[in-house]
Structure formats: C-alpha cells, structure tokens
Amino acid sequence: MKDVIIIGKGPAGITASLYTVRAGLNTTVIGKDSGALSKASEIENYYGFETPISGGELISRGIAQAKNLGVNIIEDEVVGIGFEDMLTVKTANNVYKADSVIIATGSPRKAPEIEGLDKYNGKGISYCAVCDAFFYRGKDVAVLGCCDYALSEALELLPVVNSVTMITNGSKPIDNIPQEIKVIDTPIDRLLGDDLLTGVAFKDGTEISVAGLFVAVGVAGSSDLAKKLGVNTVGTKIAVDENMATNLPGLYAAGDCTGGMLQIAKAVYEGAKAGSEAIKYIRKKNGITHEV
Ligand SMILES: Cc1cc2nc3c(=O)[nH]c(=O)nc-3n(C[C@H](O)[C@H](O)[C@H](O)COP(=O)(O)OP(=O)(O)OC[C@H]3O[C@@H](n4cnc5c(N)ncnc54)[C@H](O)[C@@H]3O)c2cc1C
C-alpha cells in the first residue's frame with residue numbers, strides 16, 4: 001500500500017515525485033524506460049544549463065535527485081489501472097494499491113520500420129518539430145505520417161522552413177491538409193545520404209531531396225491506461241482540468257500525455273501541479289483539512 005504511485009519516470013513523473021516525497025508521502029515511481037528524452041541529443045531551451053545538456057543526462061540527474069529524497073523507483077511496465085476499494089496499478093509483475101495515482105506516461109512516438117531511420121537519428125531524422133524546426137530554417141523538409149499528429153508537425157515547420165512534404169508511406173492521408181504542404185503517398189524504399197540525410201527514395205523509383213525528416217506516425221498509447229478506468233480522454237490525450245485532475249477522484253495526469261506543448265518545461269510544471277494536488281487530496285482524505 002502506497003500513498004502515491006506515479007507511472008512514468010520522465011520529467012513530469014519525476015517532478016511530481018519530488019513534491020509528494022518532500023510532503024512526507026510514501027512515493028513510488030514506476031517506469032519502463034527513459035521515455036522521450038532519451039532520444040534528445042541536445043537540449044538548449046530548458047532553464048538553467050548554460051551549455052546544452054543531453055536528454056539522457058537530464059533524466060539521470062532527475063532520477064538521482066528523486067532517489068536521494070527517498071522516492072522508490074521501480075523499473076516495470078504498467079499494464080492496467082483499476083479501482084477496487086482504492087486505486088490499483090497492475091504491472092507485469094505486481095499489483096500495487098495507492099490513495100492517489102499520477103499518470104505521466106508521455107506520448108509514444110511510433111517509429112516505422114524504414115531502412116536508415118536509426119542511422120540518421122539526429123542527423124536529419126527528428127521526432128519533434130517544435131524542438132528542431134530552427135535547425136532546418138530555410139531548408140526543404142518532410143514529415144513522415146498521414147494524420148493529425150503529422151499535420152500538426154508540418155504546420156509547426158511551415159513558417160520556418162522552405163517547404164514541407166508530407167510522406168504517408170502508403171497510408172491514406174487525412175483530407176484537411178492545406179495546399180502549401182505537398183503530399184506523397186507512395187511507400188518509402190530507403191533513406192538517402194552519407195553521414196547526413198539528404199533525401200528519400202520511393203518504391204516507384206522517384207526521389208526527393210530533403211535536409212530533415214520529422215517522424216510523426218500516430219501518437220497513441222498514453223490514454224489507453226486511462227480509458228480502462230473510464231477516464232475522459234480527448235483523442236489520444238488524457239483530459240484534465242487546471243489542477244491536472246482527471247474525472248476520477250485521486251487520479252491525475254501530467255506531461256506529454258495531456259497534450260499541448262510536448263516540452264520539458266510544460267511537463268515539469270504539470271508534474272509539480274499534479275504532485276501538489278495529490279498531496280491536498282490525500283491530506284483531505286485523511287482528515288487533514290488545513291493547508292501545510
Ligand atoms: C528527439 C526529441 C527531442 C526533444 N527535444 C526537446 C528539447 O530540446 N526541449 C524540450 O523541452 N523538449 C524536447 N523534447 C520533448 C520532451 O522530451 C518531452 O516533452 C518530455 O520528455 C515529456 O516528459 P513526460 O514526463 O511527459 O514524458 P516522457 O519523458 O516521455 O516520459 C514518459 C515515461 O513514462 C514511462 N511509461 C510509458 N508508458 C509506460 C507504461 N505502460 N508503464 C510504465 N512506464 C511507462 C516511460 O518509460 C517514461 O519513463 C524532445 C523529444 C524528443 C523525442
């Protein structure tokens with residue numbers, strides 16, 4: 001039995017844990033891997049680092065900070081959340097009970113199987129338009145994906161780059177794509193370039209030159225856990241109010257899984273807010289009515 005279980009050990013989950021553990025609550029964070037940040041080679045838009053820091057380094061520091069304060073961090077995959085007499089979190093290996101649960105599972109970015117995708121990661125392949133558009137200003141880029149997420153990435157890029165092509169890799173594109181965005185629905189054969197990505201070759205033998213390819217295939221998963229409990233979602237995102245509360249008492253969500261800006265600063269704020277609200281919720285449940 002725990003006071004608080006936080007699902008996800010990215011910036012949102014770890015920040016929430018800093019607040020709850022410092023309030024004296026028994027806090028456990030369950031995370032299966034390093035999340036979105038592990039893919040970020042250089043972060044230069046987060047407060048407090050005069051030189052860029054890698055995502056991996058930022059995660060390690062956050063986790064060490066939480067452990068030093070007494071947070072229990074478990075490496076496991078959560079497969080379900082339930083409600084019996086209290087909230088339950090089911091992992092592949094265990095079932096935990098808690099007064100309050102914070103979902104901070106991020107927003108999975110699905111990577112399709114395309115030859116060269118890993119090779120050019122950080123060398124022309126990006127998973128985040130708002131993070132990396134600046135590096136491609138004035139250049140021709142493409143977005144890989146067919147649907148709403150890919151379109152929102154393309155719209156983010158349009159004002160900064162020279163041109164955006166949406167490559168659906170054989171999938172049917174959504175039909176509200178503005179004319180400024182060219183659409184190619186032919187399946188991809190392979191990616192082109194030596195050290196850096198220079199283009200994309202298609203199965204019909206055609207090629208295009210691009211300096212960047214932004215992967216935005218689907219965005220799914222985070223809301224699945226919430227949906228199992230009847231928690232409201234908006235598309236693939238978990239619906240929360242201004243206190244990061246879902247429609248289920250004691251259940252909060254924070255970070256990329258709630259939508260909006262997919263950025264560390266926003267994840268940290270929401271983690272702090274969700275943690276603070278979980279503290280109030282548990283104190284109220286335990287009959288402590290005054291603010292501490
Ligand atoms: C390539 C790249 C570059 C980026 N660059 C920047 C940048 O420069 N600046 C910036 O501000 N932002 C950047 N971002 C975005 C930033 O990484 C995210 O906004 C931020 O990490 C979101 O934090 P989060 O805690 O919500 O989710 P995440 O960091 O994604 O963490 C999610 C956590 O949930 C866990 N999890 C998920 N599902 C389960 C499950 N079922 N069971 C257990 N655990 C689970 C994961 O293992 C992980 O620990 C970048 C993202 C990418 C992909």
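In this predicted model, the secondary structure of the protein chain amounts to 6 helices and 17 strands. The radius of gyration of the chain is 21 Å, close to the 19 Å that the globule rule gives for 292 residues, so the chain is as compact as a globular protein of that length. Taken along the principal axes, the box filled by the C-alpha atoms is roughly 70 × 40 × 35 Å. Of the 292 residues, 41% count as buried, and among the contacts with a separation of 6 or more, 57% join residues that lie 24 or more positions apart.

**Two domains**

The chain is divided into domain 1, which takes in residues 2-108 + 219-285, and domain 2, which takes in residues 125-215. The centres of domain 1 and domain 2, taken over C-alpha atoms, are separated by 31 Å. To the contact between them, domain 1 gives 5 residues and domain 2 gives 4 residues. On the side of domain 1 that touches domain 2, the residues fall by class into 3 nonpolar, 1 polar and 1 charged.

**Strand β1 and its partners**

Strand β1, residues 2-7, is mostly covered, with 5 of its 6 residues buried. Two pairings of β1 are set out below, each with a pair of residues that stand opposite one another.

| Partner of β1 | Sense | Bridges | Opposite residues |
|---|---|---|---|
| β6 (95-103) | parallel | 5 | Ile6 and Ile102 |
| β2 (27-31) | parallel | 4 | Ile5 and Thr28 |

Strand β2 returns in the account of the ligand, since it is one of the elements that each supply at least two residues of the shell.

**Around the ligand**

The ligand is surrounded by 35 residues, of which the closest are Gly8, Gly10, Gly35, Gly106 and Gly255. Divided by class, the residues of this shell are 18 nonpolar, 10 polar and 7 charged. At least two of the shell residues come from each of α1 (11-22), β2 (27-31) and α6 (264-285). The shell is also shared between the domains, for at least three of its residues are drawn from each of domain 1 and domain 2.

**Helix α4**

Helix α4, which spans residues 148-157, is mostly covered, and 7 of its 10 residues are buried. These buried residues are Tyr149, Ala150, Leu151, Glu153, Ala154, Glu156 and Leu157. What lies over the buried residues of α4? The cover includes α3 (129-132), β8 (140-144), β9 (163-167) and β14 (212-215).

**Met261, a residue in a loop**

Met261 lies in the loop between β17 (251-253) and α6. Is Met261 buried or exposed? Met261 has 10 C-beta neighbours inside 10 Å, and because a residue with 12 or fewer such neighbours is classed as exposed, Met261 counts as exposed. When its neighbours within four places in sequence are left aside, Met261 is in contact with Val130 and Lys266. Between the C-alpha atoms of Met261 and Glu75, which are 186 residues apart along the chain, the separation is 27 Å.

Notes:
Residues numbered from 1 in each chain as written. Predicted model: local features only at pLDDT ≥ 70, side-chain atom pairs only at ≥ 80, totals over all residues. Rg over C-alpha atoms; globule rule 2.2 N^0.38 Å. Buried ≥ 20, exposed ≤ 12 C-beta atoms within 10 Å, placed from the backbone. Contact = placed C-beta atoms within 7 Å. Near = placed C-beta within 6 Å. Nonpolar A, V, L, I, M, F, W, Y, C, P; charged D, E, K, R; others polar. Domains from an automatic or database assignment. Pairing = 2+ DSSP bridges.
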